[in-house]
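The following exercises concern strand order, helix packing and a chain contact. Please attempt each task before reading its solution.

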Amino acid sequence: MATSIGSPGVSLSINGNVYLVDADPQTSLLTVLREHLDLTGSKYGCGEGQCGACTVLIDGKAQRSCITRVGAVANKKIITIEGIGSGDRLHPVQQAFLDEGAMQCAYCTSGMIMSAVALLRINSAPQENEIIDFMEGNICRCGTYSRIIRAVQRAAKMMSAYVAAKGAAR
Amino acid sequence: MSEKSNSQVVLEPERYELTAPAPYHFDLDRREFFKFLGAGVVVFSVLKTAAAGQESGGRQWRGDALPKEIDAWLHIGENGKVTVYTGKVEVGQNIRTSLTQAVAEELSVPMDNIELIMGDTQLTPFDMGTFGSRTTPTMNLQLRKVASAARDVLINLAAAQWKADPQHLVAADGKITDPAGKRSVEYAALMKGQQLTEMLPAQDPLIPAADWKVAGTSAAKVDGHEFVTGKHRYPSDQKVPGMWYGKVLRPEAFGATLVSLDTQKADQMGVTVVHDGNFVGVAAPSTAQAEAAVAAIQAEWKAEPQPSNKELFDYLRKNPAEGHDPTGDGDRYDRGSVDPAMASADHKLQQTYKVSYIAHVPLEPRAALAKWDGDSLTVWTGTQRPFGVRGQLAEAFRIPEEHVRVLMPDTGAAYGGKHTGETAIEAARLARAAKRPVKVVWTREEEFTWAYFRPAGVIDVVSGVRNDGTITAWEFHNYNSGSAGIRTYYDIPNQRIVFHPTKMPLRQGSYRALAATANHFARESHMDELAHQVKMDPLEFRLKNLKDERLRAVFQAAAKQFGWGNRDKTLDGWGFGMGGGYEKLGYVATFAEVHVDRKSGDVKVARVVSAFECGAIVNPDNLRNQIEGSNVQGLGGALFEAIAFENGKILNGRLSEYRVPRFSDLPVLQTVLIDRKDLPSVGAGECPMVGVAPAIANAIFDATGVRLRSMPLVPEGLKA
């Protein structure tokens, strides 16, 4: 959506790109992502921060974009599901979700992956109860929770192995 | 139009799902077909009745006219790519994968070479809908037959080319090979310049399950990459150029009619306002503008007083459906003589079980994008019945069905809750007025309020049993919740089983497993009560009254995995229970281990063991996934899910108010699969759910001595 004259506009850094968006600062980040920027990987599920389908990273932390006002995140670093892989290469968490078959309808999957990425940033080897606590705000109505837990742990191992290999190569 | 869009299209799934399919009328002729598809081979599967009329014609369809009643078809193109067309849809049950496996198996091509076109009313054959766990027993089999016939066509083409005996040629890895002549040809090469149409032969031998190489394996989810990268476009993600966003003004209460309306402010906001009878909606360049305009509309509604969930069960008992004779025999099953058997039983037990209304809560709410082109309408929407929604649209706008195309992108779940086309009609009505494409995505509150619910019910059970544990009499009355799974699989000589339709306090319809969940809850809870009354072990008591070998097998397998015989009965606060049954051609036994803290009231389901049998398994890992998911979803309805309502309003229509299972509710899930390669494959999306609630209720009784007979069992916990 083009910026019109006289409109304040909001500048957003998303997945390394800077966007000038013609939106009221009160608009939710989710609406801006989906409607203004056509970044539809983040999903609407409840509009009240209860289901986690809209989860994105803001300055590295998992946040519910449906209850985040876009005016509050100007100048912050926003990462969405579209921004975590590199080219055709999947992020280890994405790969682990595939390896564990951790989805059915997969509508929750973007939000689950973003929460898991945020968790693994602060805890590189989470125990099952730590995953449950951290991801309690993400709903999978199809009920694939046990697979998601396994996927997060698998991703943690993949990432640790990568870090160790990098360390060894140094 | 407005009456149509707002009227409560009451679904009676128990009967509705048994309706015979209307024949599909194919509009293309042969030449148009190949113009659309490109050269190659097309194989059709034709409905049995239609095939019978064509017997004399042989297998080859030589004229330009195509058979009228096709239920699946497949095309192999000049590039060797296989495209399969089916009216079934993907809502997370993973049939895009399992159907692809079936085709890959019979046609001997890699899964990557196969694409499924699903649920597009213009391209795919008519299909009643994706429900009732019918995809695996019917469509999977149909596609296997179609693929098998296609393989024969390819073999015959190669045989003709080589002047070889087709009997000696082998199809494998996308090639036809002549082992004797040591030559082979790829499918793609055989397709060059071909325009062959083939009708499915009456009988073609299929590859037996014991010899499956692709089917029967845990093939990874087709398009999995699209889902983990967020690239897949669900219905709510659809976008076309020039599209606006729609919002509908909702009445204050169910069944309300509009008394007065003032749209003056909204009219001046640069949006399109539609007022058509009771339908009031807005289309605008953005959702924010549409919401603002709807908020600016002043409306006054009038509604009749309506019952609340507090008087729900009384209401169901006292309000039989109009025109229904409760003594009639439309929904009843009688066997032997119940009354004398009951009178002469050593023990008699009478109990009542209740089930509340619950919501499906598919994580993706209803969504539709509608686009008019003159009098022709195209709608992208998430529905289990694209052809049903096409009919609803045609009726709502009084246009021929041929002018309506409904497409169903793989959708964010349904669980039986997306049979209807409300959102499609709303988007189409707004798009017609706005003269541009319009998308309507329901909010969570709208999905909670204006969709439909799993029927609540009251179930009375009276039974007679001998001292030795033989059940001699069984009387079972279900009010409103439905007749799916109402019959008992226990061997009881005297039975009276009746379904009593009632007036419906809320709009109700299909939900995964339909009434089988309620009926199994009542039956399997009652079995547990009877076992205690005659002081028998609940497993032993069931097996004593059960002859069905397949059902006995799952009970025994689950008991073994659970360690039923060695369970520690001395642990304070811990309890163990079971439930099981037969539904949608599958067999399940579910055992649960619960912990109840009577001080805090916390009830935790610690472990659930399921044994499941559905014939020859098509995809073991996906089957496990479905069973695990059924247990988790079933646990919500068993423990805490319930819709609260009053006077035509939903009181807890948000996720902050309506609790669904979360990570912390997850039990340890253990699944035993019984793979019967000698039996036809059947569905698994529903049956595994029916044992969970009674297993938990029986385990809670075992832990506490408290018998809970109303679902949800412990919405507020279970304090001493």
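**Exercise 1.** In what order do the seven strands of the open sheet in chain B lie, and is the pairing mixed or not?

*Solution.* The model is a predicted one. Step 1: reading across the sheet of chain B gives the order β11-β12-β9-β19-β16-β17-β18, with mixed pairing. Step 2: the edge positions belong to β11 (272-276) and β18 (404-407) of chain B; each has a single partner strand, so one of its sides has no neighbour in the sheet. Step 3: from one strand to the next, the twist averages 20 degrees.

**Exercise 2.** Determine how β16 and β19 of chain B are joined.

*Solution.* Step 1: in general, strands of a sheet pair through backbone hydrogen bonds, in parallel or antiparallel fashion. Step 2: β16(B), residues 367-373, and β19(B), residues 438-441, run antiparallel and are joined by four bridges. Step 3: B:Leu369 has B:Lys439 in β19(B) as its bridge partner.

**Exercise 3.** Identify the strands that α10(B) lies across and those that α13(B) touches.

*Solution.* Step 1: α10(B) lies across β9 (244-248), β11 and β12 (279-284) of chain B, at about 145 degrees to β12(B). Step 2: α13(B), residues 386-397, packs on the sheet against β17 (376-381) and β18 of chain B, and its direction makes about 145 degrees with that of β18(B).

**Exercise 4.** Describe the side of chain B that touches chain A.

*Solution.* Step 1: the contact takes 45 residues from chain B and 43 residues from chain A. Step 2: on the side of chain B, the elements giving two or more residues are α8 (224-228), α10 (287-295) and α19 (620-639). Step 3: α19(B) gives the most, with seven residues. Step 4: this side of chain B divides into 18 nonpolar, 17 polar and 10 charged residues.

How values were computed
Residues numbered from 1 in each chain as written. Chains lettered and ligands numbered in written order. Predicted model: local features only at pLDDT ≥ 70, side-chain atom pairs only at ≥ 80, totals over all residues. Contact = placed C-beta atoms within 7 Å. Nonpolar A, V, L, I, M, F, W, Y, C, P; charged D, E, K, R; others polar. Pairing = 2+ DSSP bridges. Axes fitted to C-alpha atoms, helices over the stretch in contact; angles between N-to-C directions.
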